[in-house]
Each structure stands twice: as structure tokens, then as C-alpha cells.
Amino acid sequence: MGGNSPCASCKLLRRRCAKDCIFAPYFPSDDPHKFAIVHKVFGASNVSKMLQELPDHQRADAVSSLVYEANARVRDPVYGCVGAISYLQTQVSQLQMQLAVAQAEIFCIQMQQEQVEIPAAHQTAAAGDGDDGKSFFLHDALPEYLNFASSSSVIHDSLKREGLFSHDMVS
């Protein structure tokens with residue numbers, strides 16, 4: 001950096017910022033927290049070694065990853081990024097379960113509505129209106145679908161009890 005203010009790394013480490021400072025392009029002086037957290041988790045020497053081993057075009061991405069991981073480690077010292085990923089995967093699973101239950105409930109409601117429509121269609125078919133018999137098939141299978149409706153509410157209630165739908169996740 002030379003004549004300009006030193007980078008965040010050199011400021012924190014209280015040293016003169018050289019023209020070829022490896023940290024200067026990635027840790028500007030106006031964002032000292034970015035380097036401070038990376039330094040706290042990984043150490044300046046380790047970060048310097050990592051950056052020197054990488055080609056120039058990959059260093060910015062590496063710094064971004066280091067900053068993200070350092071922030072995750074400060075929030076969750078044991079699991080870091082893995083904890084964040086695990087939390088998000090759990091949320092996705094819960095949402096998929098809620099979606100499946102909602103789709104099953106919609107299906108049951110649709111089947112119940114068809115049950116109301118089927119007797120009229122069945123009477124029309126019995127009168128010889130030329131129906132293809134599909135409504136008769138649905139009418140015969142309807143009790144099976146209606147049993148599914150009651151079982152889906154049982155599933156939904158048991159999932160609530162097991163805490164799968166709770167939103168009190170540990171972050």
C-alpha cells in the first residue's frame with residue numbers, strides 16, 4: 001500500500017504495510033472487523049500461507065470462504081459451517097414434511113368434494129347417459145381415500161407432538 005493507509009491486517013498487527021502485502025487486496029483498511037475475525041480463528045500466519053499457496057485468481061474466493069467460516073466458528077465454535085448446513089438441512093426436511101402433509105390434506109379434500117359430485121354422476125350413468133364408468137370406479141375406491149384423510153391428521157398430530165414442526169431450533 002505504501003503511501004496510503006495500511007490494510008486492516010497491518011493495522012491490527014501494527015506493522016508497516018508493504019507494497020506487496022498479501023492481505024492488502026482482500027482486507028481493506030475500511031473493514032477492520034473482516035481481518036480481525038479471520039485472524040482470531042485462523043491466525044495471520046496461517047492465512048498468509050494459505051493465500052501464498054493459491055493462484056491470484058482464487059485468492060478472493062478463498063478470503064471470502066475464510067471470512068464466512070470464521071464468522072460461523074465464532075457463532076458456533078464446535079460445528080462452525082457444518083452446524084449452519086445441518087440446521088438448514090433440518091429446516092428443508094421439516095418444510096418437505098409439512099408440504100407432504102399439506103398435499104395429502106388437499107388430496108383428501110379433493111376426494112371428499114368428488115364424493116359429493118359422484119352420486120349425481122352415478123345416477124346419470126345409471127340412467128344410461130353413456131358415462132364411461134370412471135365415476136363408478138372412484139365411488140368404489142372412495143372409502144379408502146377417506147380413511148387416508150383420517151390417518152393423515154393422525155400423522156400430522158403425531159409429528160407436531162414429536163416436535164418436527166416446532167420452530168425453536170438451536171442456532
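This is a short talk on the cysteines, one buried serine and one surface patch of the structure above.

Keep in mind that the model is predicted.

I'll start with the cysteines. How many disulfides does a search of the whole structure find? Zero. As a reminder, a disulfide is a covalent bond between the sulfur atoms of two cysteines. Take Cys21: its closest cysteine sulfur belongs to Cys7, at 3.7 Å. The cut-off for a disulfide is 2.5 Å between the sulfurs, so the sulfur of Cys21 is too far from that of Cys7 for a bond. Is Cys21 buried or exposed? Cys21 counts as buried, because its relative accessibility is 11% and the limit for buried is under 20%. Cys108, at 4% relative accessibility, also counts as buried.

Next, the serine. Ser9 sits in helix H1, which covers residues 8–13. With a relative accessibility of 0%, Ser9 counts as buried. What does Ser9 touch, leaving aside residues up to four places away in sequence? The contacts are Arg15 and three phenylalanines, Phe23, Phe27 and Phe35.

Last, the surface. Val78, Tyr79 and Val82 make up a nonpolar patch there. Together these residues have about 330 Å² of accessible area. Where is Val78? Val78 lies in the loop that runs between helix H4, residues 56–75, and helix H5, residues 81–126. Val78 counts as exposed because its relative accessibility is 60%, and the limit for exposed is over 50%.

To recap: zero disulfides, a buried Ser9, and a nonpolar surface patch that includes the exposed Val78.

Key
Residues are numbered from 1 along each chain as its sequence is written. This is a predicted model: local features need pLDDT of at least 70, side-chain atom pairs count only at pLDDT 80 or more; totals for chains, interfaces and linings use all residues. Side-chain values use heavy atoms; hydrogens and water are left out. Buried means under 20% relative accessible area, exposed over 50%, partly exposed in between (1.4 Å probe, protein chains only). Patches are made of residues with over 30% relative accessible area and no salt bridge: like charges are joined within 9 Å, nonpolar side chains (Val, Leu, Ile, Met, Phe, Trp, Tyr) within 5 Å. Accessible areas come from the Shrake-Rupley method with a 1.4 Å probe; for residues, only the protein chains shown count as cover. A salt bridge is a side-chain nitrogen of Lys or Arg within 4 Å of a carboxyl oxygen of Asp or Glu. Helices (H or I, at least four residues) and strands (E, at least two) are DSSP runs, numbered from the N terminus. Contact means heavy atoms within 4.5 Å.
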